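Me: I am new to this structure and would be grateful for a close look at its interior. Please explain how the nonpolar residues are gathered there and how the charged residues are paired.

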Amino acid sequence: MSGPQPSSVIFEPIPDGYGQNLFVTDSDLMPLLALYLDADLLAHLEPHLHRLGELAGSKFESLAAIADKEPPKLVVRTRKGTDCNQIIKNPAYVELEKWAFAEFGLAAASHVPGVLGWHAPLPPIAKYALLYLFSQAEFGLTCPVNMTDSLTRTLKKYGDPSLVERYFSKLTSLDIDVLYQGSMFMTEMGAGSDISKTETVARRDGNVWRLYGDKWFCSNASADLAMILARPNDAPAGMAGVSLFLLPKVKGDGTPNDYRIIALKDKMGTRSMATGEIRFEGAEAYLIGNIGRGFQQMAEMVNSSRLSNGVRSAAMMRRALTEATYVAQHRNAFGKLLEDLPLMRVQLQKMALATEQARSFAFQTADALQRGDAGDVQAQRLVRIMTPLIKFRACRDARKVTGDAMEVRGGCGYVEEWTEPRLLRDAHCGSIWEGTSNIVALDVYRATQKQDALSAYSSHLQMLRDNVIDGDLKKVLTQRIETIIPFAKDNALNKRDDQARETASALYHLGSAVIFAWEASKPGLAHRASLARSVLTHRLDPQLHRLLGPNSTTILMNSNN
C-alpha cells in the first residue's frame, strides 16, 4: 500500500501531524502524475506542488480550522437602516481565497496561460493535482473555486460572445480585487433533484430577462455571477421548459441586482462557505444557449462539479489516511506502536485502498476529459460515465474513510480541536450536492441508455488491460470485464433501478482494478498490482456476489478456471 512515510518514528502520547508536507507524505503522487503530464510541465510544477503541500499541512490547515469555527454572516441592513445584501466572510477564509484564486490560480488554470508561470492553460490533471492538495486542508472554499472554473467553461461553450467578452477576463483574473467568483443556483424547495419541477420564472424585458422566484440552496451565495435554471413564462411544463440564465450580482447600470439573500444555511459541514436562500424579485439575467435546453446546458457545469467532488473526496480520504497513519506510527498502546497491531494494519490498508481507488479513477477521468475537449468523441462518452461513477462511489467511500480516521485517533478524534471532525462533516457534502447517491447511480444508467457510454468504458478498460504485464492478473481482469459489462448493460437497458447502486459500485471497482494493474506496468509502480488484487478480493467480488445472487460462486469459479 502507498502511504505517508514518516521522517522518523518518535513516540508521542497524543500524536499531532500538524506541519507535515502533504505532497511529500504522498509517495506515489509524482510517479502517477508522470504517467499523464509532459515531463517539462511536471518538472515546472513540482516545486509548486511541494510548496502547496507544505502550506496545506500547516498554514492552510490553521486558516481552515478558524473559518470552520467562525462561519460567514449575513447582513441585511446597515446601522443607518438602509437595506443591503452583504455576506461577511471570516478573514481566515478571505486569506484562503487569495491563495486559491490568486496565488495558485485554481479557477483560472484551465482557461488562461500564466498560472504558476506556465506558458499555456494547464491540462485537467495538473489542475486537479493542485486542487487535490489544496482540498486536503480546506474543502468548503474549493466549492466556489470549482464553480467559478465550471461557470467559465459553460459560459465559453454556450454563452453569447458579448457575454464571454464582458466576463471572461474577470472570471479568470489572478487579481483577487478584479476576480469575479461564480456559482450555480438550481435547487428549489419543491423540486430538489427533480429539475422538471423548476418554478422560478423568467420574463423577457428587452435585451434582458427578469427572474422571479426562490432558490433554496445557493452555495457561494455572494458570487458575482451565477448560472440559474428558470422557466420562461410562456414555456411548457416539465424539463422542456427549463432554460439557463446568467445572473450578475450587479446590473448593467452598476446598481445591485434585484434579488435578496433571505438566510444562510446552518450546515453540518462546509461551514466556511456561505450557502443561502435567495429570492429573485425581477433580477436582471441573460439567456444562455437555447430556450428549453437549460438542464442539458447546465449539465456541463454539473458534471464538472461532480468530477471535482470526486477529486475533493479523494483528497479528504488522503488527508484522513495521512492523519491516521501518523497516529499509528507515533502512538504506543499495549506495549507496541499502533501500526504494529494486526487489526490496525488491516484498518489502514482498507482506508488506503479506497483512497487510492478514488485518486487513480480521478486521474483517468481527467485524462479522458482532456482528450474529449480536444474533440475525441469516444473520450467524451467515457467522461460521461466515469464522472457519475466517481461521484457516486468516491464520495460515499470518503464518509467511511474519514470516520475510520476519527476512530484511529480515538477520543481526541471526536474533539473539534482536531482535523478529523471537520473532514467527516465535510465528507458528507460530497454525496448530496450535485446529485445524491440514488440520482447519480441512475445517471450511470442514463449514460448507457442515451450515449452508449458503457461501451466506451468497456473499450477503455480493455485497452488498459492489454498493457498489463502480469499474465495471471490480466486473465482475471479479462474475465471480470466479460462478466460485469454485459450484466451492467442489461441492468441499464432494462431499467432495473433497484440494482443501480450495486451496478455502479461494480463498474467503479472493476475500473479501479484495471487502472491499478495498468499503473503497475509502469516504471516505479509495480507495487500497485497488489492494489488491483485487493480490489478484486475485497471490493469487486463481494459486490458481484450481491449482484449475481446464488449463481455468483459458480460464475466466478468458472471464470477463474
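Reply: The account below begins with the nonpolar interior, turns to one residue within a helix, and ends with the salt bridges.

The model is a predicted one, in which local features need pLDDT of at least 70 and side-chain atom pairs count only at pLDDT 80 or more, while totals for chains, interfaces and linings use all residues. Residues are numbered from 1 along each chain as its sequence is written, and side-chain values use heavy atoms, with hydrogens and water left out.

The largest nonpolar core comprises 156 residues. Such a core is a set of buried Ala, Val, Leu, Ile, Met, Phe, Trp, Tyr and Cys residues joined through side-chain atoms within 4.5 Å; buried means under 20% relative accessible area, exposed over 50%, and partly exposed in between, with a 1.4 Å probe and protein chains only. Within this core, the residues that touch the most other members are F60, M227 and Y457. Helix α8, spanning residues 294-330, supplies the largest share of the core, namely 14 residues. Helices (H or I, at least four residues) and strands (E, at least two) are DSSP runs numbered from the N terminus.

Y457 merits a closer description. Setting aside residues up to four places away in sequence, Y457 touches F361, L382, I385, M386, L389, I485, L507, Y508 and G511; contact here means heavy atoms within 4.5 Å. A further core of 19 residues lies apart from the largest one, and I228, L247, Y259 and A274 are among its members.

V311 offers a local view of helix α8, in which it is placed. With a relative accessible area of 4%, V311 is buried. Its contacts, leaving aside neighbours within four places in sequence, are Y128, L131, Y132 and A362. From C-alpha to C-alpha, V311 and F363 are 8.6 Å apart in space, although 52 residues separate them in sequence.

The charged residues come next. The structure contains 46 salt bridges, each being a side-chain nitrogen of Lys or Arg within 4 Å of a carboxyl oxygen of Asp or Glu. One of them joins E300 to K157, with 3.1 Å between the closest N and O atoms. Because E300 belongs to helix α8 and K157 to helix α6 (residues 142-158), this pair ties together parts that are 143 residues apart in sequence. E300 counts as buried, at 16% relative accessibility.

Another bridge connects R384 and D443, whose closest N and O atoms are 2.8 Å apart. R384 is in helix α10 (residues 377-409) and D443 is in helix α12 (residues 437-451), so this bridge ties together parts that are 59 residues apart in sequence. Both R384 and D443 are buried.

A salt bridge between D404 and K400 has its closest N and O atoms 3.0 Å apart. D404 and K400 are four residues apart in helix α10, and therefore about one helical turn separates them. D404 is buried as well, its relative accessible area being 15%.

Salt bridges are also linked into a network, which takes in D26, D28, R318, E356, R359, E519 and R528.

In review, helix α8 provides the largest share of the largest nonpolar core, holds the buried residue V311, and is tied through E300 to K157 of helix α6.
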